[in-house]
Amino acid sequence: IAFRVMTLGLPAQAITDALAANVACSNLKEEDVLFVVSSSGRTKDALNGARTAKQAGAKIFPFTSYARNPLADLSDLSFVAVANEAYSYRESMTARLTHLMMGDYLIELMAERMGAQAFRRFDAIVDVIEKNREALPAEEGSETPEADR
């Protein structure tokens, strides 16, 4: 989600370290949004970050698998993906994929709202991605996959 937000030309970070996330959350402002992913909505680190961001004035938009949970109680808008597997003790792959799709859809809505500016950014990003896709010359003696020949 952070990568897709950056393709719109907006600042975004994806921080997985709990302490670093809380420090970043404390620096958020009223015009900022915290997207936080927690299937249960009860994860200590996710809740600490959300509380810190809320105190800083940021909006909280969690992606969870349950409509009613402590994280949803802190949120301004919740994205809930319910899957049967979410009720087991394991993380739900279906819920994870649904969260990803919801994030993608959210980016599309943001792009639509931004209008032509977003599409100019997308075009510029395509150029950046294409430059990174260029194959490096194969080392002598190494095998090149058939698809790359």
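1. Helices here are DSSP runs of H or I with at least four residues, strands are DSSP runs of E with at least two, and both are numbered from the N terminus. On that basis the protein chain has six helices and three strands. The model is a predicted one. Read from the N terminus, the order of elements is α-α-β-α-β-α-β-α-α.

2. Some totals for the chain come next. Of its 149 residues, 31% are buried. The protein chain exposes about 10500 Å², and 54% of this area comes from carbon and sulfur atoms. Among contacts with a separation of 6 or more, 56% link residues 24 or more positions apart.

3. The sheet is open, with three strands in the order 1-2-3 and parallel pairing. Strand 1 (33-37) and strand 3 (79-80) are the edge strands; each has a single partner strand, so one side of each lacks a neighbour in the sheet. Helix 3 (residues 44-56) packs on this sheet, where it touches strand 1 and strand 2. The direction of helix 3 makes about 170 degrees with that of strand 1.

4. The pairings within the sheet can be listed strand by strand. Strand 1 is joined to strand 2 by five bridges, and the two run parallel. In this pairing Phe35 stands opposite Phe61 of strand 2. Strand 2 (residues 59-64) is joined to strand 3 by two bridges, again in parallel. Here Phe63 stands opposite Phe79 of strand 3.

5. Which residues of strand 1 point to one face and are buried? They are Leu34 and Val36. Val33, Phe35 and Val37 point to the other face and are not buried. The side chains thus alternate along the strand.

6. Leu106 lies in helix 5 (residues 93-114). Its relative accessible area is 12%; the cut-off for buried is under 20%, so Leu106 counts as buried. Leaving aside residues up to four places away in sequence, Leu106 touches Phe35, Phe63 and Phe79. Phe35 and Phe63 also appear in the strand pairings, Phe35 opposite Phe61 and Phe63 opposite Phe79. Leu106 and Arg4 are separated by 102 residues in sequence, while their C-alpha atoms are 9.8 Å apart in space.

7. Helix 6 (residues 116-133) has 18 residues, and the distance from its first C-alpha to its last is 26 Å, close to the 26 Å expected at 1.5 Å a residue. Ala118, Phe122 and Ile125 are buried in this helix. Viewed down the helix axis, the buried residues fall within an arc of 65 degrees, so they line one face of helix 6. An α-helix has 3.6 residues a turn, so residues three or four places apart point the same way.

8. What do the buried residues of helix 6 pack against? They pack against helix 1 (2-7) and helix 5. On the face of helix 6 turned away from its buried side are the exposed residues Arg120, Asp123 and Lys131.

9. Val82 is found in the loop between strand 3 and helix 5. Is Val82 buried or exposed? Its relative accessibility is 57%, so Val82 counts as exposed, the cut-off being over 50%. Val82 and Ala67 are 15 residues apart in sequence, with a C-alpha to C-alpha distance of 8.5 Å.

Definitions and conventions:
Residues are numbered from 1 along each chain as its sequence is written. This is a predicted model: local features need pLDDT of at least 70, side-chain atom pairs count only at pLDDT 80 or more; totals for chains, interfaces and linings use all residues. Side-chain values use heavy atoms; hydrogens and water are left out. Buried means under 20% relative accessible area, exposed over 50%, partly exposed in between (1.4 Å probe, protein chains only). Contact means heavy atoms within 4.5 Å. The expected span of a helix is 1.5 Å times one less than its number of residues. The arc is that of the directions from the helix axis to the C-beta atoms. Two strands pair if DSSP finds at least two bridges between them. Axes are lines fitted to C-alpha atoms, for helices over the stretch in contact, and angles run from 0 to 180 degrees between N-to-C directions. Accessible areas come from the Shrake-Rupley method with a 1.4 Å probe; for residues, only the protein chains shown count as cover.
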